[in-house]
Structures are given as structure tokens and as C-alpha cells.
Amino acid sequence: MDTNKEKIKRFISGKFSFNDYLAVSDWFRQEEKQDELRMSMEEEWSETTSTGPDQQRLSRVLDKLHHRINLEKPVSATALQRYYRLFSKVAAILLIPALITIALLAYLSTDRLGSVDAWAEIHSPIGTRTKFQLPDGTVGWLNSGSVIKYPVSFLSSRHVEVSGEAWFDVVHRESDPFYVKTPWFQVKVLGTQFNVISYEDEKTAEVILERGKVQVTGVDTKFKNTLEPDQHLVYDKSARQTFQTRIDAKSYTSWKDGLMIFKNEPMAEIARRLERRYHAEIILHSDSLKTSVFRATFQDEDLDEICRMLSTVAPIRYKIHEREKRPDDTFTKTRIEMWLNN
Amino acid sequence: MTSLSRHIDSLSVKQLKEGDPKAFDALFNKYAQRLYNFSLKYLKSAEEAEEVVQEVFMYVWERKEGLKPDSSFNSYIFTIAYNIIRKHFIRKARDNSHKDDLIYAFLNEENNLDQTIDYKFLLEKVENIINNLPEKRKAIFIKRKYEGLPVKQIAEELGISPNTVENQLVAAQKQIHRELQNEKLAGLIFYVLFLSV
């Protein structure tokens with residue numbers, strides 16, 4: 001009969017049997033064997049060399065650590081560091097609009113009706129949010145991967161088209177409503193703050209009203225709903241049905257301030273919003289995880305960090321699959337798997 | 001551990017205690033590769049070894065105020081690593097437990113439990129076979145073995161009888177077993193000595 005020591009030696013060398021593995025497994029699990037295991041590992045530790053070809057991997061780990069350490073810093077930041085951080089935030093806000101590609105698809109229509117269609121487009125690249133201002137003074141934010149289009153003749157009729165997610169603070173103009181068009185519905189606005197979600201690849205399109213009043217009219221499906229503040233309209237694209245619920249609008253529109261607020265929401269909904277914000281795919285393994293309810297606020301954290309925080313407050317485990325390069329040089333989405341610990 | 005190396009550690013630890021990020025980097029550069037190599041021996045996975053390095057150093061940073069410059073940093077970091085590796089190992093063994101059961105049954109039948117095997121390859125093989133099960137059978141297998149749902153609940157969820165669930169589970173196990181046997185004919189699951197010398 002081999003001793004544990006021999007079994008673990010073989011396990012470490014990589015040439016081991018299934019029984020060796022079971023024994024090592026057992027050794028790790030049993031509380032009363034820990035002194036022995038610890039001694040054997042300490043011996044192994046003293047024989048472990050500091051050489052290896054993993055510099056790149058490890059410098060990536062150091063980067064991640066720096067990032068996490070910086071997130072914690074506010075507590076002990078010096079005045080200079082605070083200044084620097086403020087500067088980098090301001091710089092980011094100033095730079096993002098520079099990334100916007102404004103495409104003027106200007107062409108004169110020879111259409112007999114004589115309509116002049118010149119459109120401006122604002123794109124918000126994936127992973128960023130972009131502030132915009134329209135010619136009438138209406139301001140808003142575009143979420144990650146979204147586009148807003150408006151006619152250059154905007155001032156004579158206020159029509160915009162949205163693909164993705166946008167938040168608006170519309171300037172009130174008597175008898176000149178503001179329209180937001182999506183492939184599924186049109187929102188008629190007098191003067192108000194509201195949020196529109198219409199991503200092509202999602203099952204639903206939505207409107208969330210923060211203040212004022214809006215009227216939502218279906219495009220292919222016939223419906224006309226009037227929303228009050230803190231109401232949420234969801235249009236199910238395949239069922240061609242609308243649902244209206246009462247929510248805390250602020251927690252849905254806080255993305256524009258770089259915050260993600262979840263107030264007692266099921267993990268399935270949280271995952272959906274994280275997927276949208278971070279262009280990721282989140283797989284929840286088990287129904288009880290999907291329905292677990294959380295309360296959390298995230299501010300400009302990266303997705304790694306959010307997963308880590310979730311796993312420290314809840315019995316959750318996760319695995320991040322980094323983005324992979326496809327043959328056509330595009331990248332797959334970051335994929336995250338989550339499990340509930342039993 | 002030479003006394004010079006210990007002296008350098010004690011200086012870095014003193015600076016780190018005062019919050020100096022450069023000292024943190026110095027300790028990382030000195031120990032990270034060794035920690036990585038060490039973790040790899042037990043966890044056999046590059047990603048997990050990387051996670052261990054990260055967790056160990058995060059732990060060091062978060063508790064830097066309590067560091068003791070006069071005691072051995074080398075032993076301190078070993079203790080943290082030991083605890084974290086143990087946690088990972090146990091978790092991984094639990095995640096793999098249903099695959100381990102299948103591998104055990106298969107090797108036992110052939111009296112190969114003491115034979116040197118390519119365990120990682122076997123795990124991947126089983127995973128692959130599970131992934132390629134017919135959709136419905138796979139869904140049932142995963143709900144039962146990965147998510148640990150009771151047979152009755154699975155039956156209700158899928159709108160089928162508990163008997164059907166049981167039958168599908170047995171069929172899944174048989175199929176995996178059979179496909180593993182086919183693999184064995186190729187002799188791939190056993191450790192090939194000449195490759196590793």
C-alpha cells in the first residue's frame with residue numbers, strides 16, 4: 001500500500017491513477033488531515049522554483065490587481081490622486097463625443113413629393129455611453145452600442161429614430177410634439193424625461209417614463225398606451241403584446257449617470273441588463289439562480305469586478321470566458337457562466 | 001530562502017504596510033511565478049493557477065496594515081496560497097463529481113483504477129460526450145447531475161412522467177459508458193509515457 005505522500009507526489013508529477021486522484025481529493029477535503037497535507041505542501045512550496053515562461057499571463061494578473069486596488073482607493077487617496085481621477089473622468093466624458101461618428105447621409109431626394117431627407121446619426125460605441133444634444137435643445141444619453149438618427153430638418157418637425165437604448169430629456173414646445181420612432185412603436189412626447197429601449201436582437205422593446213407624460217403607439221400591432229411617471233411599457237415582439245407595470249424609473253435610467261441600480265430584482269433581469277451594458281452573454285445555470293432577488297448598485301465597475309462583488313455577497317460562482325477572435329477578425333462576446341452554490 | 005532574500009522581503013513588507021504600491025509590485029514580481037507554478041501542480045489548470053495568484057495578492061493587499069515585517073513573508077504567502085488552493089481544489093472536485101462517478105464506474109469495470117491515466121483528457125472526453133447527447137436526454141442529465149434537481153421536479157418542468165426521466169438518465173449513463181469504451185480502444189485515455197519523458 002502506498003503512502004499518501006507517494007500518491008500526492010505522483011499526482012503532482014502528472015502521472016497518476018484515478019485512485020491516486022481520489023486519495024488526494026480525500027486529503028484536501030478532510031479537516032483532520034490538514035496538518036499532514038499542509039506539511040507536505042509546505043515541503044513542495046520550498047522546492048517550487050520561481051522560473052517560468054508565464055510573464056505575459058502574470059503581468060495581466062498584476063494589471064487586474066492594480067485595477068481593483070484603484071477602485072478601492074477613494075478612502076486613502078491623496079489630493080493629487082483625487083485631482084487626477086477627476087481629470088480622467090472629465091477627459092473620458094470629453095473624449096467619448098470625439099469617438100462619435102456623425103454620418104451625414106445627405107442626399108437630395110428627387111422624389112416628386114419633394115421631401116428633403118438629410119439625416120444625422122450619432123453612434124455610441126460598445127462599452128461606452130454617449131451624451132448628445134439635438135438642435136432644439138433636447139439632451140440625452142445613448143447607451144452602449146446604440147444609434148440615434150434625426151433629420152437635418154429636425155427643427156420643423158421633431159422626429160428621431162432610435163436603435164438600442166436612449167434616455168431623453170425633451171425640451172417642451174407648445175403644440176410641437178417630439179416623436180421617437182422604433183420599428184415596433186412610436187412614442188409621442190410633449191416635454192419630459194424618459195427612456196427607450198429597442199435593440200434589434202432582443203425579444204422586447206421598452207419605454208420607461210421618469211417624468212411628464214408620453215403616448216406610445218404601435219407600428220404593426222395596433223395599440224395606444226399612455227404612460228404615467230414610473231410606468232414601464234414592454235412590447236413583446238413575438239407575442240405582439242404590450243405589458244405595463246409600475247417600477248422605480250430612476251433605477252432603470254441610472255445607466256446614463258454610469259450607475260446600475262437594482263432594487264430587489266431577479267438575477268435574470270440583472271443579467272439581461274448587464275449583457276446589454278457590457279455586450280456580454282451571461283448564462284445562469286439553474287432556475288433558482290434566475291429567480292434569486294438582489295439589491296445592488298454598480299458605478300462604472302467593469303464586468304469582472306461586478307461578478308466578483310456578486311460572488312462575495314451571494315453564494316454564486318462564476319467563470320469568465322474571455323472574448324475569442326473569430327476567423328473574420330471580429331470578436332465573440334465575453335461569456336460568463338454562473339452557478340448557485342449548494 | 002537566503003537571509004538576503006528575507007531581508008529584502010522585510011523591507012518591502014514594511015513599505016507595503018505603509019501603503020506603498022511599489023512594494024506591492026516588488027513582492028508580486030518576486031513571488032507570482034512561483035505561486036503560479038505551485039498552484040499548477042495541484043489544480044492542473046492555467047486559468048485557475050492565475051486566479052490563485054490574483055486572490056493571494058488581493059488578500060495580501062487588503063490586509064497589508066496587519067503585516068508583520070519581522071516574520072517570514074515567504075511562510076505567510078504560503079499559508080494564504082495553501083488555503084486558497086484547498087478551496088479551489090474542493091470546489092473543482094465537487095463540480096466534477098458526477099463526471100468522476102462516470103469515470104470511476106468505467107475504470108472500475110476494467111480494473112484500471114490503479115493504472116496511470118490522462119485524467120484531464122478523460123474529463124474532457126466525458127464532458128464532450130455529455131454535450132453531444134441527444135437534446136432532451138442531455139437536458140435531463142444536466143438538470144439532474146449538474147443542477148441537482150429531483151427527478152419529480154424535472155418531470156414536472158418538462159411535462160413528462162418521472163419514469164421517462166429515470167429511463168432517460170439510465171440511457172444517458174449507458175451511452176456515456178459505451179462511448180468511453182469506444183475511446184478506450186484507441187488507447188487514448190492512458191498516460192503515454194514516452195510523450196512525457
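Here are a few notes on this predicted model, starting with chain B and ending with the first helix of chain A.

1. Let's begin with the make-up of chain B. It has 10 helices and one strand. Reading from the N terminus, the order is α-α-α-α-α-β-α-α-α-α-α, so you can find β1(B) by looking just after the fifth helix. Of its 197 residues, 29% count as buried. If you look at the contacts in chain B with a separation of 6 or more, 65% come from residues 24 or more positions apart.

2. Next, the interface. Here 36 residues of chain B are in contact with 34 residues of chain A. On the chain B side, at least two residues each come from α2 (21-43), α3 (46-62), α4 (73-95), α5 (97-109) and β1 (116-117). The top contributor is α2(B), which gives nine residues. Sorted by class, that side of chain B holds 21 nonpolar, eight polar and seven charged residues.

3. The two chains also pair through strands. β1 of chain A (residues 16-17) and β1(B) run antiparallel and are joined by two bridges. If you want a residue pair to click on, Phe16(A) sits opposite Ile117(B).

4. Over in chain A, have a look at β12 (residues 214-218), which has partners on record here in β9 and β13. With β9(A) (residues 185-189) the pairing is antiparallel, over five bridges. With β13(A) (residues 224-227) it is antiparallel too, over four bridges. Gln215(A) is a handy landmark in β12(A): it is the bridge partner of Lys188(A), and it also stands opposite Thr226(A) in β13(A). The link from β12(A) to β13(A) is a hairpin of five residues.

5. Now for helix α1 of chain A (residues 4-13). Which of its residues are buried? Lys7(A), Ile8(A) and Phe11(A) are. These three share one side of α1(A), because the arc they cover around the axis is only 95°. Lys5(A), Glu6(A) and Ser13(A), on the other side of the helix, are exposed.

6. What covers the buried residues of α1(A)? The cover includes β1, α2 (18-29) and α3 (34-47) of chain A. That brings β1(A) up a second time, as the strand that is joined to β1(B) by two bridges.

7. One last backbone detail: Gly14(A), just after α1(A), takes a positive phi of about 100°.

How values were computed. Residues numbered from 1 in each chain as written. Chains lettered and ligands numbered in written order. Predicted model: local features only at pLDDT ≥ 70, side-chain atom pairs only at ≥ 80, totals over all residues. Buried ≥ 20, exposed ≤ 12 C-beta atoms within 10 Å, placed from the backbone. Contact = placed C-beta atoms within 7 Å. Nonpolar A, V, L, I, M, F, W, Y, C, P; charged D, E, K, R; others polar. Pairing = 2+ DSSP bridges. Arc of directions from axis to C-beta.
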